[in-house]
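Work through the exercises below with the sequence and the model open side by side. Try each task before reading its solution.

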Amino acid sequence: MFGGGLLALGGIVVSDLPTNATPAYRRDTLGSFVASVGKDVTPCSDAVRDALDAAVATLSGSAAIRPGVGATFAAMIEAGELDPARARALVDADGTTLADAMRRAGARADAFGADLERLSRVSAFVEVHVEQGRFLEDAGAPIGVATEIWPHGRWRLRFDGEADHAGTSRLEDRNDPMVPFATAVLAAREMASAGGGLATVGRVTVRPNGTNVVASSVDTWLDARAPDDVAREAIVTGVHARVTAEAARHGVTFSASEESRSAPVAFDATLRARVSRALGGVAPEMPTGAGHDAGVLASRLPTAMLFV
């Protein structure tokens with residue numbers, strides 16, 4: 001959540017604390033990190049808040065805009081990783097552009113963009129985030145230090161077949177796009193498991209989406225993540241090969257297009273060491289497969305992450 005509370009902690013900006021939290025709650029959230037550093041936690045300056053939080057008020061609903069953009073939208077804008085003109089043209093599922101949504105909310109659609117001069121005043125950025133996994137639980141640790149963010153990407157898979165009646169069309173006569181779609185789901189799981197990565201097919205659009213109708217077309221999205229680019233590409237290539245063959249067997253046209261791709265991010269070694277020392281040197285180190293604001297901002301300044 002880029003736009004949670006921002007705190008100045010020993011010269012480091014700390015993000016992802018609730019904006020309405022009391023100082024006591026924020027100290028509890030940081031736990032032993034704050035205690036070990038021995039610094040008071042105070043609200044950051046207006047300049048820093050402006051630099052890192054400028055777009056949040058008007059872009060808080062952006063997560064629904066487009067895969068690969070929403071979750072770190074404000075950080076991408078602030079770091080200059082997403083062109084404001086392109087951002088304003090992004091559309092949601094109903095065809096509403098971000099610019100139109102902002103205007104309807106009473107906000108100026110031309111009033112956001114990167115400010116690298118302000119961002120340059122921030123010496124470091126530490127993101128505190130709920131882990132959303134099992135690493136810390138299995139390790140018996142309350143807090144962990146992130147080492148890196150895995151490379152990840154998303155691909156749109158399209159299957160075009162032929163609509164038919166479920167009660168009259170013979171199985172051997174069907175050009176059913178749901179069959180190669182099912183292969184994509186299974187292949188993603190198998191290829192990720194074999195390659196030590198992660199792959200998910202969690203979104204699908206079926207047409208005409210009738211219970212007693214053989215589908216005419218299917219759109220689905222593959223999310224693939226892995227420890228390195230080679231492993232990620234192996235997952236995607238393997239899924240593509242399996243699905244291509246299965247689509248051909250069932251007379252279905254298959255196409256794939258890349259929608260987003262993120263390179264691996266290694267967090268700043270010096271800052272990471274400083275954070276680890278503040279935690280007494282006992283916090284486990286861990287990679288993450290999820291994208292975060294700290295990963296986006298890493299191209300502009302030293303960043304680190306704590307998982308709790």
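Five exercises follow, each with a worked solution.

**Exercise 1. Get the overview.**
State how many helices and strands the protein has, and what share of its residues count as buried.

Solution.
- Start with the kind of model: this one is predicted.
- Next, count the elements. The protein has 13 helices and 14 strands.
- Then turn to burial. Of the 308 residues, 44% count as buried.
- Last, look at the contacts with a separation of 6 or more. Residues 24 or more positions apart account for 74% of them.

**Exercise 2. Place strand β14.**
Decide how far strand β14 (residues 303-307) is enclosed, and find its pairing partners.

Solution.
- Check burial residue by residue. In β14, 5 of the 5 residues are buried, so the strand is largely enclosed by the rest of the structure.
- Recall the rule for side chains: in a regular strand they alternate between the two faces of the sheet.
- Now apply it. T303, M305 and F307 sit on one side of β14, A304 and L306 on the other, and all are buried. Both faces are therefore covered.
- Find the parallel partner. Strand β4 (residues 125-129) pairs with β14 in the parallel sense over 5 bridges. Here E127 has M305 as its bridge partner.
- Find the antiparallel partner. Strand β5 (residues 144-149) pairs with β14 over 2 bridges. Here V145 has L306 as its bridge partner.

**Exercise 3. Trace the four-stranded sheet.**
Give the strand order of the open sheet with 4 strands, and name its edge strands.

Solution.
- Read the order across the sheet: β8-β10-β6-β11, with antiparallel pairing.
- Pick out the edges. β8 (198-207) and β11 (253-262) each pair on one side only.
- Add the twist. From one strand to the next it averages 15 degrees.
- Zoom in on one pair. Strand β6 (residues 152-160) and β11 are antiparallel and share 9 bridges. Within this region, R154 stands opposite S260 in β11.

**Exercise 4. Pack two helices.**
Classify the packing of helix α10 (residues 178-195) and helix α11 (residues 229-249), then relate both helices to the strands they cross.

Solution.
- Take the geometry. The helices pack at an angle of about 150 degrees, and their axes are 8 Å apart.
- Compare with the cut-off: angles over 145 degrees count as roughly antiparallel. α10 and α11 are therefore roughly antiparallel to each other.
- Note the hand: the crossing is right-handed.
- List some of the contact. The α10 side includes V179, T183, A187 and M191, and the α11 side includes I235, G238, V239 and R242.
- Sort the contact residues. They divide into 13 nonpolar, 3 polar and 3 charged.
- Place the strands. α10 lies across β6, β8 and β10 (217-225), at about 170 degrees to β8. α11 lies across β6, β8, β10 and β11, at about 165 degrees to β11.

**Exercise 5. Inspect the loop backbone.**
Locate the cis peptide bond, and then examine phi at Q132 and N209.

Solution.
- Find the cis bond. It joins R207 and P208, with omega about 0 degrees. P208 lies in the loop between β8 and β9 (213-214).
- Stay in that loop, where N209 is also placed. N209 is not a glycine, yet its phi is positive, about 65 degrees. At 61% relative accessibility, N209 counts as exposed.
- Move to the loop between β4 and α9 (135-139), which holds Q132. Phi of Q132 is near 65 degrees, a positive value in a residue other than glycine.
- Settle its accessibility. The cut-off for exposed is over 50%. Q132 has 63% relative accessibility, so Q132 counts as exposed.

Technical notes. Residues numbered from 1 in each chain as written. Predicted model: local features only at pLDDT ≥ 70, side-chain atom pairs only at ≥ 80, totals over all residues. Heavy atoms only, no water. Buried < 20%, exposed > 50% of the residue type's maximum accessible area, 1.4 Å probe, protein only. Pairing = 2+ DSSP bridges. Axes fitted to C-alpha atoms, helices over the stretch in contact; angles between N-to-C directions. Parallel < 35°, antiparallel > 145°, perpendicular 65-115°, else oblique. Left-handed = near helix turned anticlockwise from the far one by under 90°. Contact = heavy atoms within 4.5 Å. Nonpolar A, V, L, I, M, F, W, Y, C, P; charged D, E, K, R; others polar.
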